Amino acid sequence: GYRRGLRAPAGNTCGTLGSRQFAMLAPVKPWARLYTRGFAVMVKKTPNPASRMYFPQGHAVLGDTLPPMKFVDKFECEDSKLAGAILKVRGVQEVLLGASHVTVTKSERADWDMLSANVQTVVDQFFTAGLSPVEEGVTPPPPEGGDDDDPLILQIKDLLKEYIQPLVQEDGGDILYHSFDAESGVLWVDMRGSCDGCPSSTGTLKDAVLRLLAHHLPEVQDEKRYQHR
């Protein structure tokens, strides 16, 4: 997970946000707002029907100091009280914290009409209370693969970071290098947020990654998604 210098006290890893009841809103349009005490949370649909982006207006989430952070277990969110609070909402399957937004992925049976309103309220309460999205001292985990000395791997990572990551992060996702099989030419990547499970990630996005890498690095013959167990 994410390493940090200071740990949160035991028993208070995800935090509480008060007892105000969740608001009920109309179905979410491509951009929607929740106003509470002058505070706005904007919602944006993504290419993945199971994921939506939430923008706390006037507040950064991770800013430019950390890469996107993924959380899937409300009991393992000691690095982020915000992620832990959102994961407590029934129907939330994954939380990806970005520079200025939070990408939420729902479970298959969850309905956005109720779920989105609840997530908006949690985000509103969190930032209105002046809480920090991540704990002090959090640092990114070490990179996957352990082969940073390989010039080819460094080139793959640089191309992903410069050309692909900015595009997918704009749509609430992220793509990370996982490993490369030099014998078969297969690049394994880790899809997160709205990219994980999105139909475009196995079609349009895969084609874009392969075209880019094959143009610069003919050693890359195929791209596959790494499946977390």
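Me: Is aspartate 190 buried or exposed?
Reply: In this predicted model, aspartate 190 is found in strand β8, which spans residues 186-193. Its relative accessibility comes to 2%, and a residue counts as buried when that value is under 20%. Because 2% falls under this cut-off, aspartate 190 is classed as buried.

Me: What distance separates the C-alpha atoms of aspartate 190 and serine 179?
Reply: Aspartate 190 belongs to strand β8, and serine 179 lies 11 residues away from aspartate 190 along the chain. Taken between their C-alpha atoms, the separation of the two residues is 9.2 Å.

Me: How many of the residues of strand β3 are buried?
Reply: In a regular strand, side chains alternate between the two faces of the sheet. For β3, one side carries Ser51, Met53 and Phe55, while Arg52, Tyr54 and Pro56 are on the other, and both faces are covered. The strand, residues 51-56, is accordingly described as mostly covered, and its buried count is 6 of 6.

Me: Which residue in β6 does serine 51 stand opposite?
Reply: Strands β3 and β6 pair in the antiparallel sense, and the pairing extends over 4 bridges. Serine 51 is one of the buried residues of β3, and the residue in β6 that stands opposite serine 51 is threonine 105.

Me: Which element supplies the largest share of the largest nonpolar core?
Reply: Nonpolar side chains tend to be buried together in soluble globular proteins. The largest nonpolar core here holds 30 residues, and Ile86, Val92, Leu97 and Val119 touch the most other members. At least two residues of this core come from each of β2, β4, α1, β5, β6 and α2. The largest share, 7 residues, comes from α2.

Me: Which residues is isoleucine 86 in contact with, leaving aside its neighbours within four places in sequence?
Reply: Isoleucine 86 is among the four residues that touch the most other members of the largest nonpolar core. With neighbours within four places in sequence left aside, the contacts of isoleucine 86 are Val92, Val95, Val102, Val104, Val119, Val122 and Val123.

Me: What percentage of the contacts between residues at least 6 apart in sequence join residues at least 24 apart?
Reply: The protein has 4 helices and 9 strands, which follow the pattern β-β-β-β-α-β-β-α-α-β-β-α-β along the sequence. Buried residues make up 47% of its 229 residues. Among contacts between residues at least 6 apart in sequence, the share joining residues at least 24 apart is 63%.

Key. Residues numbered from 1 in each chain as written. Predicted model: local features only at pLDDT ≥ 70, side-chain atom pairs only at ≥ 80, totals over all residues. Heavy atoms only, no water. Core = buried A, V, L, I, M, F, W, Y, C linked by side-chain atoms within 4.5 Å. Buried < 20%, exposed > 50% of the residue type's maximum accessible area, 1.4 Å probe, protein only. Contact = heavy atoms within 4.5 Å. Pairing = 2+ DSSP bridges.
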